[in-house]
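Welcome! Here are a few short exercises with worked solutions, to be followed with the model open beside you.

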Amino acid sequence: MEGSVEISRTRDAPAGDSGVLSAPPAGASSAGTAGGGLWQRLLREHLPQASSSSSSASSSSSSRDLAMKNHLSLLVLGHRGSGARSLIARLAGKDPADAPKGFAMEYEYVNLRSKDDDGIVETVGVMDVWHMECPEFGELLTVPLSSTADALATTVVMIVVDLSCPHIIASELEKWEAILTEHICTGIYSHDGDLKQRLQQKTLVDLAVWQLTERRREQRAAAGDASEQPSSVLDLDAEGKLPARAEDAMVSTGMLQTNWGVPVVVVGTKSETLDAALMKQTSSFSSTGGKVPKHSLANFIQMYLRRWCIANGAALVYTSAHNNVNCEWLLQYLKHRALGFPPVEKLTSKPEAIAIPFGADSITEVAKLSIETVAPAGMDTPFSAVFKPVEAEQAVKSGPTGPVPPVDHQAFLQRQQELLQRKQRDGDLFKAIPLPHTSAGKLAIGVPSKTEAPSKDSPVNKTSKKVEQDAEKFFNTMLKNYKK
């Protein structure tokens with residue numbers, strides 16, 4: 001029926017928890033005002049009740065209204081097998097093994113929860129999660145990346161790169177970068193220059209807010225003030241506005257060369273496998289011709305990702321859904337960028353668990369990484385010069401390139417008949433050849449076999465001939481019926 005919305009939940013997903021819903025009909029914006037449209041009404045009905053058993057009906061209604069007000073949309077771009085589904089399941093508070101599997105564009109919603117001062121867990125927002133793994137379906141981006149300012153203002157794009165396959169990191173980033181540029185810059189912004197200016201100015205405001213927050217943090221640390229950031233939102237002025245302007249943002253060298261106007265975060269998944277993946281990597285840049293130290297390769301990957309993020313205004317985080325590394329950090333960062341929640345800290349002490357917010361990095365900091373062993377040309381060394389593409393593994397990771405071409409059934413039957421006739425003429429091509437053994441029962445490699453083939457009257461040959469005759473009779477009958 002036109003305008004209907006089919007709702008289905010993942011296996012064992014309890015009511016009020018995260019679930020999988022089909023995509024809303026075209027025109028039903030998931031970032032619209034609370035109470036607007038069929039999709040919003042259905043989503044509101046599936047929001048959980050307040051967690052406290054003593055909550056009144058008014059508090060439950062208030063919790064729902066707050067959840068609908070804090071509504072963000074997450075677009076996940078990551079190829080099949082990249083670990084994106086497991087990460088989404090971890091963000092939803094589920095076992096990564098129960099990650100739902102879909103096709104083309106997948107949708108799921110996640111309830112954003114928070115503890116109040118009394119330790120009561122409440123729902124403070126809802127996050128729509130869209131997942132695309134094939135660039136061939138790029139036209140579907142019109143659903144999660146709406147052309148309205150309200151929708152894009154609360155949308156975050158997450159590009160997933162698989163750290164277990166370092167050689168495809170650069171190609172994956174370039175692929176999704178081209179998709180985003182085509183859809184946002186060439187598509188949306190070409191028809192609405194005012195929207196482009198507003199969203200790009202918002203990105204500069206976010207940068208200025210981060211820089212202002214860092215300066216205040218440094219001032220408090222210098223004064224010996226150990227107080228934390230407010231738990232609700234960022235510091236606001238008397239008029240309830242952000243205490244920073246776009247012109248206050250200090251854009252360093254190489255930063256924001258591309259400003260999509262939409263928050264972007266690059267997520268390196270399967271960080272627990274990075275060490276093993278680097279063990280297999282060798283490089284011709286080594287002066288001895290031997291293996292390159294793993295830390296140099298890890299630094300080179302980090303250098304490349306951090307430079308890309310600086311140039312495109314993105315955050316960078318290494319995660320592990322299996323070990324639950326940095327998943328909570330990522331969730332808090334998403335709420336910070338889209339909903340104005342408190343900022344998160346920069347983490348660089350552990351190379352396998354780095355987390356760098358947008359605006360917290362610079363080319364000067366990246367230049368401190370030691371990469372001379374693998375990249376004598378420094379940061380200008382092409383990624384493909386260190387990590388050679390592996391075509392076989394790349395094909396596996398990219399999945400099937402297209403549908404298997406169909407075969408005409410008459411041609412198929414004719415081919416089977418020819419194989420049977422050839423088999424009768426040349427003998428049994430699939431007859432097992434017995435392996436030679438020594439008197440001790442061990443396999444004799446290179447010793448001629450003295451085992452005789454079974455006679456014509458043996459049960460093996462009789463059974464084989466009977467099967468061949470039945471098969472030939474079957475295919476001949478099929479051909480005759482088709483010709484009639």
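**Exercise 1. Find the residue just after helix 9 and give its phi.**

Solution. Just after helix 9 comes Gly-340, with a positive phi of about 80 degrees. Helices here are DSSP runs (H or I, at least four residues), as are strands (E, at least two), all numbered from the N terminus.

Before going on, please note that this is a predicted model, in which local features need pLDDT of at least 70 and side-chain atom pairs count only at pLDDT 80 or more, while totals for chains, interfaces and linings use all residues. Residues are numbered from 1 along each chain as its sequence is written, and side-chain values use heavy atoms, with hydrogens and water left out.

**Exercise 2. Decide whether helix 9 is largely enclosed or not.**

Solution. Step one: locate helix 9 at residues 327-339, a run of 13 residues. Step two: look for buried residues, meaning those under 20% relative accessible area (exposed is over 50%, partly exposed in between; 1.4 Å probe, protein chains only). Among them are Trp-329, Tyr-333, Lys-335 and Arg-337. Step three: 11 of the 13 residues are buried, so helix 9 is largely enclosed by the rest of the structure.

**Exercise 3. Examine Asn-326: what is its phi, and where does it lie?**

Solution. Asn-326 sits in the loop between strand 6 (314-318) and helix 9. Its phi is near 65 degrees, a positive value in a residue other than glycine. With a relative accessible area of 14%, Asn-326 is buried.

**Exercise 4. Describe how helix 5 packs with helix 8.**

Solution. Begin with the geometry: helix 5 (residues 169-191) and helix 8 (residues 294-312) pack at about 15 degrees, their axes 11 Å apart. That makes helix 5 roughly parallel to helix 8 (angles under 35 degrees count as roughly parallel, over 145 as roughly antiparallel, 65 to 115 as roughly perpendicular and the rest as oblique). Next, look at the contact (heavy atoms within 4.5 Å): Ile-169, Ala-170, Leu-173, Glu-174 and Glu-177 of helix 5 meet Ile-301, Tyr-304, Leu-305, Trp-308 and Asn-312 of helix 8.

**Exercise 5. Now do the same for helix 5 and helix 6.**

Solution. Helix 5 and helix 6 (residues 193-222) pack at an angle of about 115 degrees, and their axes are 5 Å apart. That makes helix 5 roughly perpendicular to helix 6. Ile-188, Tyr-189 and His-191 of helix 5 make the contact with Gly-193, Leu-195, Lys-196 and Leu-199 of helix 6.

Definitions and conventions
Axes are lines fitted to C-alpha atoms, for helices over the stretch in contact, and angles run from 0 to 180 degrees between N-to-C directions. The expected span of a helix is 1.5 Å times one less than its number of residues.
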